[in-house]
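Here are a few notes to help you find your way around. Keep the structure open beside you as you read.

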Amino acid sequence: MASWMLCIALILTAVAGAVGETRYEKFLRQHVDYPRTLGLMGHRYCGVMLARRQVTAPGRPCKPSNTFVHAPAEDLVATCTRPADSMGFHSTSTTMDITACRLRGGDTRPPCNYRARQLHHHVRVSCLDGLPVHLAGTYASVNES
Amino acid sequence: MGLDDCNLSSNNCKDLSSIIHTNPSLKELKLNNNELGDAGIEYLSKGLLTPSCSLQKLWLQNCNLTSASCETLRSVLSAQPSLTELHVGDNKLGTAGVKVLCQGLMNPNCKLQKLQLEYCELTADIVEALNAALQAKPTLKELSLSNNTLGDTAVKQLCRGLVEASCDLELLHLENCGITSDSCRDISAVLSNKPSLLDLAVGDNKIGDAGLALLCQGLLHPNCKIQKLWLWDCDLTSASCKDLSRVFSTKETLLEVSLIDNNLRDSGMEMLCQALKDPKAHLQELWVRECGLTAACCKAVSSVLSVNKHLQVLHIGENKLGNAGVEILCEGLLHPNCNIHSLWLGNCDITAACCATLANVMVTKQNLTELDLSYNTLEDEGVMKLCEAVRNPNCKMQQLILYDIFWGPEVDDELKALEEARPDVKIVS
């Protein structure tokens with residue numbers, strides 16, 4: 001029976017976390033998974049992680065794409081201290097492990113099915129008060145061809 | 001009972017088993033994404049096999065099951081005529097395992113209607129057993145084999161089996177099954193021989209324009225009563241749009257079509273729009289996201305919106321429509337004939353400059369209840385205009401979708417205020 005309590009507790013914690021969280025906390029929830037959650041390979045990573053992080057949920061349309069960054073939150077915070085580009089975005093100095101999730105088929109009604117791509121990309125963020133609050137995209141290193 | 005992703009393991013299955021045993025009224029059990037393992041299924045089966053169990057729907061996707069679970073599943077299928085739906089996708093059942101499962105399907109006690117075997121590591125060899133099961137199972141209505149590397153030879157064989165089978169198949173999903181144009185004649189035969197078939201999904205297969213042309217022969221057949229057609233990422237180009245147009249303007253049963261991620265381009269879209277102006281075009285939902293469209297086709301789309309009363313859902317995101325294109329679309333949206341209630345314009349190169357027009361649509365178009373503007377650089381100025389529209393009591397939106405748009409704290413405050421001012425409008429981000 002303990003497992004039931006755990007399950008209910010997990011649900012309550014998740015719900016509480018989503019309500020009244022800061023922009024930075026929301027950024028971490030939607031975009032940072034470090035160390036990368038084990039046991040989820042390929043497409044399963046996206047489907048399960050997006051549901052666990054409440055990016056996808058019953059009653060919410062499937063988010064067409066979402067990127068998870070597998071680097072410590074501190075590294076992304078540090079990125080905010082780097083000079084911003086012309087659009088106000090800050091880019092990471094090095095590439096990071098990321099998983100880019102893309103909705104399959106296009107149906108925006110749950111269950112949401114995704115394709116996963118594992119990449120090593122620079123991450124571009126927008127910052128407020130020195131904290132990353134928005135993932136503005138990723139790009140390959142210019143040195144790679 | 002929904003217990004997806006609850007960190008359950010094989011140990012919990014003993015408890016689950018007794019719950020099933022003591023609750024004969026339990027009709028649905030969802031256990032997706034739990035590490036139950038073959039041992040877990042073994043325990044679970046004790047409950048599932050009790051004579052009083054009248055479970056109808058069982059979900060066991062991504063439960064770490066292997067072929068070893070299939071013997072158990074076989075016995076459940078053979079013993080429980082109440083079970084009408086089995087979802088076991090995302091488990092490494094393999095061809096050998098599913099062959100055993102098929103034996104369960106053959107049992108006259110089995111009255112299964114829906115079988116989902118996506119991502120089960122099946123190969124071409126499974127088709128013989130599947131066909132035998134299909135012959136024996138007239139109750140089967142839905143079959144999903146997506147994401148198994150079946151290949152053309154197997155798919156052709158499967159289609160021939162489906163045509164011969166007496167089951168009134170309603171749904172056939174073969175996405176990402178390694179299908180090329182080679183299989184399309186046989187898939188076409190299913191379309192023209194099974195008036196029961198309402199839902200065909202062959203997305204994520206490189207069928208190309210040649211394959212599509214063959215499919216259209218079946219689609220246009222008078223016996224074909226298809227309602228939902230999924231052709232996303234099928235390597236189609238504008239060349240396919242001539243045949244597709246004929247289907248759109250003649251197949252009155254057709255309600256939902258996905259052409260996402262095919263390079264249809266403006267010329268292709270314009271052909272489709274011509275067809276959508278035909279009174280016989282009863283399409284309700286059209287998905288043309290990421291189809292290489294630009295502002296140039298928006299006039300044609302707008303024209304459709306001003307005459308077509310059937311179209312309710314339009315997904316046209318991930319196309320470089322720009323502000324100019326969207327402004328033209330909005331003209332059509334505002335036409336009284338237009339019954340679009342759900343519009344998706346994510347990542348369309350829309351900026352703040354377009355938001356005044358969009359806001360106007362939101363407060364004028366009472367039947368527009370869902371609008372997606374995700375991934376567009378609307379900036380604070382643009383989002384505030386949308387918020388202003390939401391405040392207007394004439395705005396009947398139910399969902400305003402704003403994923404991955406950057407805005408400042410002022411907008412945050414306004415969104416919070418809107419939660420109280422208009423709790424009926426869900427702003428999703």
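1. A good place to begin is the meeting of the two chains in this predicted model. Here 45 residues of chain B are in contact with 34 residues of chain A. Between them the chains bury about 3,400 Å², and 48% of that is on carbon and sulfur atoms. On the chain B side, Tyr403(B), Asp404(B) and Phe406(B) lose the most area to chain A, together 18% of what that side buries.

2. Now for the charges. The rule finds 11 salt bridges across this interface, while a search of the whole structure finds 25 over all chains. Asp404(B) takes part in one of the bridges, its side chain meeting that of Lys63(A) at 3.3 Å, N to O.

3. Have a look at Arg23(A) and Asp412(B) too: their closest N and O atoms are 2.7 Å apart in a salt bridge. This pair runs from helix α2 of chain A to helix α15 of chain B, and both residues are buried.

4. Arg115(A) and Asp233(B) form another salt bridge, with the closest N and O atoms 3.2 Å apart. Arg115(A) lies in strand β4 of chain A and Asp233(B) in the loop between β8 and α9 of chain B, so the pair joins two chains. Is each partner buried or partly exposed? Arg115(A) counts as partly exposed at 29% relative accessibility, whereas Asp233(B), at 12%, is buried.

5. Within chain A, the side chains of Glu21(A) and Arg29(A) meet in a salt bridge at 2.6 Å, N to O. Glu21(A) counts as buried at 18% relative accessibility, and Arg29(A) counts as buried at 17%.

Terms used:
Residues are numbered from 1 along each chain as its sequence is written. Chains are lettered from A and ligands numbered from 1 in the order in which they are written. This is a predicted model: local features need pLDDT of at least 70, side-chain atom pairs count only at pLDDT 80 or more; totals for chains, interfaces and linings use all residues. Side-chain values use heavy atoms; hydrogens and water are left out. Contact means heavy atoms within 4.5 Å. Buried area is the accessible area (1.4 Å probe) that two parts lose on being put together, summed over both. A salt bridge is a side-chain nitrogen of Lys or Arg within 4 Å of a carboxyl oxygen of Asp or Glu. Buried means under 20% relative accessible area, exposed over 50%, partly exposed in between (1.4 Å probe, protein chains only). Helices (H or I, at least four residues) and strands (E, at least two) are DSSP runs, numbered from the N terminus.
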